[in-house]
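Subject: Structure handover

Hi,

Here is the structure I promised to pass on. Please open it alongside this email.

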Amino acid sequence: MPNRLFFGNLGTILLYAVIGTIWNAATTGFSLYGVYLSGIMGELHSGLLDFLLFGSLIAAVDPVAVLAVFEEVHVNDILFIIVFGESLLNDAVTVVLYNVFESFVSIGAEYVTGVECIKGIVSFFVVSLGGTFIGIMFAFLLSLVTRFTKHVRIIEPGFVFVISYLSYLTAEMLSLSAILAITFCGICCQKYVKANISDQSSTTVRYSMKMLASGAETIIFMFLGISAVNPKIWTWNTAFILLTLVFISIYRIIGVILQTWILNRYRMVQLGIIDQVVMSYGGLRGAVAFALVVLLDENKVQDKNLFVSTTIIVVFFTVIFQGLTIKPLVQWLKVKKSEHREPKLNEKLHSRAFDHILSAIEDISGQIGHNYLRDN
């Protein structure tokens, strides 16, 4: 990740990730509850807090497919880093919101007073900022440790993996945002660790992280697919499911337009209409939303199966339909492309693999030619 570009647009990223997520969660939850009061959805066993809890988890935007398309068509750096940064911080904000509303549901709506709401707001900032602080502290520790590994290069990747994961575990142990901890640990130590460790260690870390990420992603979507065919979890409510799809799409568009209008009053590089269309269309839901809805306690949330069923449909619809159509949309809109860019990790890995294949073919061809000349 280009750190300089990330911190240069940090204000924009935070607005989309924090305010945008809160906006999507609140508007979706209140709208679904309002429609429920009208009687269209039939009889449910959920109150306002349950709908807000569902709104908080369904607000988790996971634009993996969008980022993959961005890398392939080489969109401009500003649009890429804003969407990438939002996807990084959005998950952490979603998890914190989810925990706040889950605690409200646990104590009961009748016990949620103004004092409890203030505690929830304070805990939101404590958990978020605390997780960020833990990540920065471990980034400093990792940067310091790798300065003294010149004579033991073989254990450098181990230090990178262990200390980074310790930031996650420490934040989790202290009930802080573990996602923010490990995210900012990676962001803040990237420049220094890369300069301290050897090229071989850096390559090992890159390939290992890519392998682990691909494996984890595959396992998550396999689990999602297996859960989708489990008849025990399915509860169908046409109005609830369709209105969820409508609300998350509409409020995503409204949120992006309003926030961009505010940002363009202060940004030197303006975000145009085409950028806003791409960001609005890129509101895919993925693994985070599904993981959070599965963790719901059915004893506290009686409509858990309906929430799980709706989340699965939302994930499938956004990933399959929007994920497959985002590339034609980007090409049709003629989104501004990057003029000067470094190859992304996927391209580096694939190009290296292609070079290895070509080298192997050359070696085999040379050996065959040598054997032919020797025999003749």
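Below is what was found in it, starting with the overall fold.

**Overall**

Please keep in mind that this is a predicted model. The protein chain has 14 helices and 0 strands. Read along the sequence, the pattern is therefore α-α-α-α-α-α-α-α-α-α-α-α-α-α, with helices and strands taken as DSSP runs. Of the 376 residues in the protein chain, 45% are buried. Contacts often reach far along the sequence. Take those between residues at least 6 apart: 81% of them join residues at least 24 apart.

**Helices α2 and α5**

Helix α2 covers residues 10-38, and helix α5 covers residues 77-107. They pack at an angle of about 45 degrees. Their axes lie 8 Å apart. Angles from 35 to 65 degrees fall outside the parallel and perpendicular classes, so α2 and α5 are oblique to each other. The crossing of α2 past α5 is right-handed.

Which residues meet here? From α2 come Thr 12, Ile 13, Leu 14, Tyr 16, Ala 17, Val 18, Thr 21, Ile 22 and Ala 25. From α5 come Ile 81, Ile 82, Gly 85, Glu 86, Leu 89, Asn 90, Val 93, Thr 94 and Leu 97. By type, the residues of this contact of α2 with α5 are 12 nonpolar, 5 polar and 1 charged.

**Salt bridges**

The structure holds 2 salt bridges.

One pairs Glu 86 with Arg 252. Their closest N and O atoms are 2.8 Å apart. This pair links distant parts of the chain. Glu 86 sits in helix α5, while Arg 252 sits in helix α10, residues 238-263. The two are 166 residues apart. Both Glu 86 and Arg 252 are buried. Glu 86 also appears in the list of α5 residues that meet α2.

Arg 153 and Glu 156 form a salt bridge too. Here the closest N and O atoms are 2.5 Å apart. Are these partners buried or exposed? Arg 153 has 31% relative accessibility, so it counts as partly exposed. Glu 156 is at 0% relative accessibility and therefore counts as buried.

**Helices α10 and α11**

Helix α11 covers residues 273-281. α10 and α11 pack at an angle of about 145 degrees, and their axes are 9 Å apart. Their crossing is right-handed. On the α10 side, the residues in contact are Arg 252, Ile 253, Val 256, Ile 257 and Thr 260. On the α11 side, they are Gln 276, Met 279 and Ser 280. This contact of α10 with α11 divides into 4 nonpolar, 3 polar and 1 charged residues. Arg 252 thus has two roles to look at: it pairs with Glu 86 in a salt bridge, and it meets α11.

**Trp 23**

Trp 23 is found in helix α2. Its relative accessible area is 30%, so Trp 23 is partly exposed. What does Trp 23 touch, leaving out residues up to four places away in sequence? The contacts are Tyr 251, Ile 254 and Gly 255. Trp 23 and Ile 254 are 231 residues apart in sequence. In space, they are 9.7 Å apart, C-alpha to C-alpha.

**Where to look**

To find your way around, begin with the α2 and α5 contact. Then follow Glu 86 across to Arg 252. From Arg 252, go on to the α11 contact. Finish at Trp 23 and its contacts, including Ile 254.

Best wishes

Methods: Residues are numbered from 1 along each chain as its sequence is written. This is a predicted model: local features need pLDDT of at least 70, side-chain atom pairs count only at pLDDT 80 or more; totals for chains, interfaces and linings use all residues. Side-chain values use heavy atoms; hydrogens and water are left out. Axes are lines fitted to C-alpha atoms, for helices over the stretch in contact, and angles run from 0 to 180 degrees between N-to-C directions. Helices (H or I, at least four residues) and strands (E, at least two) are DSSP runs, numbered from the N terminus. Angles under 35 degrees count as roughly parallel, over 145 as roughly antiparallel, 65 to 115 as roughly perpendicular and the rest as oblique. A crossing is left-handed if the near helix is turned anticlockwise from the far one by less than a right angle, and right-handed if clockwise. Contact means heavy atoms within 4.5 Å. Ala, Val, Leu, Ile, Met, Phe, Trp, Tyr, Cys and Pro count as nonpolar, Asp, Glu, Lys and Arg as charged, and the others, Gly among them, as polar. A salt bridge is a side-chain nitrogen of Lys or Arg within 4 Å of a carboxyl oxygen of Asp or Glu. Buried means under 20% relative accessible area, exposed over 50%, partly exposed in between (1.4 Å probe, protein chains only).
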